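Here is an informal walk through one model, one topic at a time. Have the viewer open and follow along.

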Amino acid sequence: MTAWQSPKPLPTPIAMSTRLPDPLPNSEPTPIPIPDRTSRHQPDQSIQDTQSKLPTPNLRFAIHDLTHSGALKFQREISAGTALQEAIRTVIYLLYDTTGKTIDHPPVRSITFILKSMGGVAYTTGNDLDDEHKEIHLSLEYIDAQPENRVRAEILGVITHEMVHVWQWSAPGTPGGLIEGIADYVRLKAGFSPPHWSRKPGEKWDAGYERTGFFLEWLEQKFGSETIVQINGLLKGERYESKIWKEVFGHDVDDLFKTYQTEFEKRETIKEGNGTQPEHA
Ligand SMILES: [Zn+2]
């Protein structure tokens, strides 16, 4: 792990344009926004080569109330199959080393994506009988509540977050905040961070969701493009051990977080200073 490598970029989608989300109904599926074209791979490694190694679980889709206004909104905006495949590709690319012969992810035989009437936003679970069959449930009411200009990106963001839970490692004892933070880190990197997300570090490294997601992004900027791949890999073990942070980064996670907070405050102070400086006459 070398310090100060560039952040891990996303791969280029296959056979897709790179235009921005199109709000028009029945438009072509929008690809994942690409933040950076710099590849961490060898230049001769073709996109098809990576694509051929991606897992291909059986994908299923169910709408439990076809005429619900949230279901109609979903069907106007999203091609479910493309959205799930894109989310799988993004998650695997950001959490795993895709350069080897195989990708060391948990076994997943099928993913059933279910739109249904329920409270909350979404959740991911394993089938009662066999945890290798996953289900992602998304609330029709939540979809319905999204403004027209946000609904597509919000749905894709939630699918990406939930898809992380399908594929990430989470050894017993892994802090829930880290599991959720990795999910929002991937959502952030995929370009689906919602406008209300704040970069303010908060008080705890494992507060979860975007708080921890932004912290993980900062770690990646500090310690290189494989940082989150490495953290995910370490969560494969028998049990989560807090010493992994010291082993990987040379510091305890609380110390890393303090540095993160301090750097953030410094940047804010500089920004504020610039904001109040009188203009030159
Ligand atoms: Zn989650």
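## Aromatic contacts

W205, F223, W245 and F249 come together as one aromatic cluster. Keep in mind as you look that this is a predicted model. Across the structure there are 12 aromatic pairs.

One of those pairs is F215 with F257, an edge-to-face arrangement with 5.2 Å centre to centre and 85° between the planes. F215 sits in helix α7 (residues 209-223) and F257 in helix α10, so to speak distant parts of the chain, 42 residues apart. Both F215 and F257 are buried. F215 also pairs with Y260, and here the rings are tilted: 5.2 Å centre to centre, with 50° between the planes. Because F215 belongs to helix α7 and Y260 to helix α10, this pair ties together parts that are 45 residues apart in sequence. Y260 is buried, as is F215.

## The zinc site

Which residues hold the zinc ion? The ion is coordinated by H161 (NE2), H165 (NE2) and E180 (OE), at 2.0 to 2.1 Å. Read along the chain, the donors of the zinc ion follow the spacing H-x3-H-x14-E.

H165 is in helix α5 and E180 in helix α6 (residues 176-189), and this pair links distant parts of the chain, 15 residues apart. Are H165 and E180 buried or exposed? H165 and E180 are both buried.

## The sheet

Now for the strands. Four of them make an open sheet, ordered β1-β2-β4-β3, with mixed pairing. At the edges are β1 (58-63) and β3 (122-126), each pairing on one side only. From one strand to the next, the twist averages 15°. Helix α3 packs on this sheet, where it touches β1 and β2 (110-116), and the direction of α3 makes about 135° with that of β1.

Strand β4 (residues 133-139) pairs with β3 through five bridges, and the two run antiparallel. Y123 stands opposite H137 in β4. A hairpin of six residues joins β3 to β4. With β2, strand β4 shares seven bridges, and these two run parallel. There, T112 has E135 in β4 as its bridge partner. How many of the seven residues of β4 are buried? Five are, so to call β4 mostly covered is fair.## Salt bridges

The structure holds 12 salt bridges. Side chains of opposite charge can pair when their charged atoms come close. Three examples from this model are worth a look.

Start with E148 and R76, whose side chains meet in a salt bridge at 3.8 Å, N to O. The two come from distant parts of the chain, 72 residues apart: E148 is in the loop between α4 (140-144) and α5 (151-167), while R76 is in helix α2 (residues 69-77). E148 counts as partly exposed because its relative accessibility is 47%. R76 is partly exposed too, with a relative accessible area of 37%. Add K73 to the picture, and K73, R76 and E148 are linked in a network of salt bridges.

## Two bridges within helices

Next come E86 and R89, joined by a salt bridge between their side chains at 3.1 Å, N to O. These residues are three apart in helix α3 (residues 80-95), which means that about one helical turn separates E86 from R89. Helix α3 is also the one that packs on the sheet, touching β1 and β2. Are E86 and R89 buried or exposed? Both E86 and R89 are buried.

The side chains of E268 and K271 form another salt bridge, at 3.1 Å, N to O. E268 and K271 both lie in helix α10 (residues 253-276), three residues apart, or about one turn of the helix. Helix α10 should ring a bell, since F257 lies in it. How exposed are the two partners? E268 is partly exposed, at 25% relative accessibility. K271 has a relative accessible area of 53%, and therefore counts as exposed.

Note on methods. Residues are numbered from 1 along each chain as its sequence is written. This is a predicted model: local features need pLDDT of at least 70, side-chain atom pairs count only at pLDDT 80 or more; totals for chains, interfaces and linings use all residues. Side-chain values use heavy atoms; hydrogens and water are left out. A salt bridge is a side-chain nitrogen of Lys or Arg within 4 Å of a carboxyl oxygen of Asp or Glu. Helices (H or I, at least four residues) and strands (E, at least two) are DSSP runs, numbered from the N terminus. Buried means under 20% relative accessible area, exposed over 50%, partly exposed in between (1.4 Å probe, protein chains only). Two strands pair if DSSP finds at least two bridges between them. Axes are lines fitted to C-alpha atoms, for helices over the stretch in contact, and angles run from 0 to 180 degrees between N-to-C directions. Contact means heavy atoms within 4.5 Å. Donors are N, O and S atoms within 2.8 Å of the metal (3.2 Å for Na, K and Ca); water is not among the atoms, so sites may look incomplete. Rings of Phe, Tyr and Trp (its six-membered ring) pair if their centres lie within 6.5 Å; planes under 30 degrees apart count as stacked, over 60 as edge-to-face and the rest as tilted.
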